[in-house]
Amino acid sequence: YTLSLHDALPIYRIPRLLNTLGVHAVVREKYDQAERYYEEGLAMANEMGDRQAVADMLNNLGYINHHHTENLEKAKQYYQESLSTGREIGHRHGVTSTLSNLGHLYVLLGEREAAWGYLCEALHESMVIGVVPLALDALVGVARLRSEVGQYLSAVELLGLALNHPAIEVDSAQSAEPVLTRLREALPVDQFEAALERGKVLELG
């Protein structure tokens with residue numbers, strides 16, 4: 001594919017196309033292929049000085065290592081590099097996505113204080129820039145944190161809001177479902193259902 005891309009496109013467009021190809025490979029669950037696309041795109045973007053593409057591909061490489069190869073330390077390194085680059089260039093959408101990813105990662109690592117900081121910043125930034133799917137993703141992370149410290153009803157309400165929102169993305173919904181299942185097991189049925197219904201009528205922001 002590389003030769004045909006180089007032949008058919010202006011070189012400055014290739015890193016971002018490779019990033020897009022990586023995203024599509026993830027959707028098809030071709031994670032090794034996605035990682036190769038991201039790594040090649042990252043190398044080209046670094047060479048060309050396209051720092052926004054660098055930040056995006058670092059974030060996506062972090063996501064692959066976080067969710068699919070489960071190399072959490074490597075994921076953290078990619079995310080932190082993405083966050084640093086994104087902040088330096090003012091790439092707010094990318095920064096917000098990476099903040100949310102870091103929040104979810106730190107929940108998984110059991111570092112709740114760090115997770116809370118990242119998720120709260122992601123939620124704030126996503127509302128400021130008006131990207132609702134990112135706000136919902138951060139909200140799922142906040143709900144998971146609350147469930148882990150025994151704030152079950154509040155967690156169910158937040159998940160009710162997020163899962164009932166038309167803008168929620170598939171990855172966020174998939175992250176929410178296991179948390180909701182554990183909460184369903186932890187609460188009496190009537191309390192769980194009532195909290196879920198309360199969440200469904202909450203408004204984001």
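Begin by selecting Tyr31, which you will find in helix 3; the model you are looking at is a predicted one. With a relative accessibility of 23%, Tyr31 counts as partly exposed, because that class begins where burial, set at under 20%, ends. If you show what surrounds Tyr31 and leave out residues up to four places away in sequence, the residues that Tyr31 touches are Val26, Ile64 and His68. Select Leu18 as well and draw a line between the two C-alpha atoms: Tyr31 and Leu18 are 14 Å apart in space, with a separation of 13 residues in sequence.

Stay in this region and select Tyr38, a member of the largest nonpolar core, which has 54 residues. Tyr38 is listed there together with Val156, Leu159, Leu183 and Phe192 as the residues that touch the most other members of that core. As background, nonpolar side chains in soluble globular proteins tend to be buried together. Once neighbours within four places in sequence are set aside, the contacts of Tyr38 are Asn19, Gly22, Val23, Val26, Met57, Asn60, Leu61 and Ile64. Val26 and Ile64 may be familiar from the previous stop, since Tyr31 also touches them.

Next, turn to the loop between helix 2 and helix 3 and select Glu29. Although Glu29 is not a glycine, its phi is positive, at about 65°. Is Glu29 buried or exposed? Glu29 is exposed, because its relative accessible area of 58% lies over the 50% cut-off. A second stop of this kind is Glu70, placed in the loop between helix 4 and helix 5. Glu70 is likewise a residue other than glycine with a positive phi, in this case near 60°, and Glu70 is exposed, with a relative accessible area of 61%.

Now look for the largest pocket, which holds about 1300 Å³ of space. To bring its centre into view, select Tyr63, His67, Asn101, Glu169 and Asp171, which lie nearest that centre among the 38 residues of the lining. Which helix gives the most to this lining? That is helix 10, with eight residues, and the helices that each supply at least two lining residues are helix 2 (14-27), helix 3 (31-48), helix 4 (51-67), helix 6 (92-108), helix 8 (132-148) and helix 10 (170-186). If you colour the lining of the largest pocket by residue class, you should find 15 nonpolar, 15 polar and eight charged residues.

While helix 10 is in view, select Arg184, which belongs to that helix. Arg184 is partly exposed, with a relative accessible area of 42%. A line drawn from the C-alpha of Arg184 to that of Tyr37 spans 40 Å, and the two residues are 147 apart in sequence.

From the pocket, move on to the cavity, since a search of the whole structure finds one cavity of 30 Å³ or more. About 40 Å³ of space lies in this cavity, and the residues to select for its lining are Ala55, Asp56, Asn59, Ser82, Gly86, His91, Gly94, Val95 and Thr98. Helix 4, helix 5 (72-89) and helix 6 are the elements that give two or more residues to the cavity lining. By class, the lining of the largest cavity divides into two nonpolar residues, six polar residues and one charged residue.

The last stop is Ser126, which lies in helix 7, a helix that runs over residues 112-129. Ser126 is buried, because its relative accessible area of 0% is under the 20% cut-off. Which residues is Ser126 in contact with, leaving aside its neighbours within four places in sequence? They are Thr96, Val131, Leu134 and Ala135. Look closely at Ala135, where the backbone nitrogen lies 3.4 Å from a polar atom of the Ser126 side chain. To link this stop with the largest pocket, select Asn101, one of the residues nearest the pocket centre, and compare its position with that of Ser126: the two are 13 Å apart from C-alpha to C-alpha and 25 residues apart in sequence.

Conventions: Residues are numbered from 1 along each chain as its sequence is written. This is a predicted model: local features need pLDDT of at least 70, side-chain atom pairs count only at pLDDT 80 or more; totals for chains, interfaces and linings use all residues. Side-chain values use heavy atoms; hydrogens and water are left out. On a 1 Å grid over the protein atoms alone, a cavity is a set of points where a 1.4 Å probe fits but cannot get out, and a pocket is an open set with protein on both sides within 12 Å along at least five of seven lines; lining residues have an atom within 4 Å of a point. Grid points are joined across faces, edges and corners, and a volume is the space filled by probe spheres set on the points. Helices (H or I, at least four residues) and strands (E, at least two) are DSSP runs, numbered from the N terminus. Ala, Val, Leu, Ile, Met, Phe, Trp, Tyr, Cys and Pro count as nonpolar, Asp, Glu, Lys and Arg as charged, and the others, Gly among them, as polar. Buried means under 20% relative accessible area, exposed over 50%, partly exposed in between (1.4 Å probe, protein chains only). A polar contact is a pair of N or O atoms within 3.5 Å; within protein, one must be able to donate a hydrogen and the other to accept it, and residues adjacent in sequence count only if both atoms are side-chain atoms. Contact means heavy atoms within 4.5 Å. A nonpolar core is a set of buried Ala, Val, Leu, Ile, Met, Phe, Trp, Tyr and Cys residues joined through side-chain atoms within 4.5 Å.
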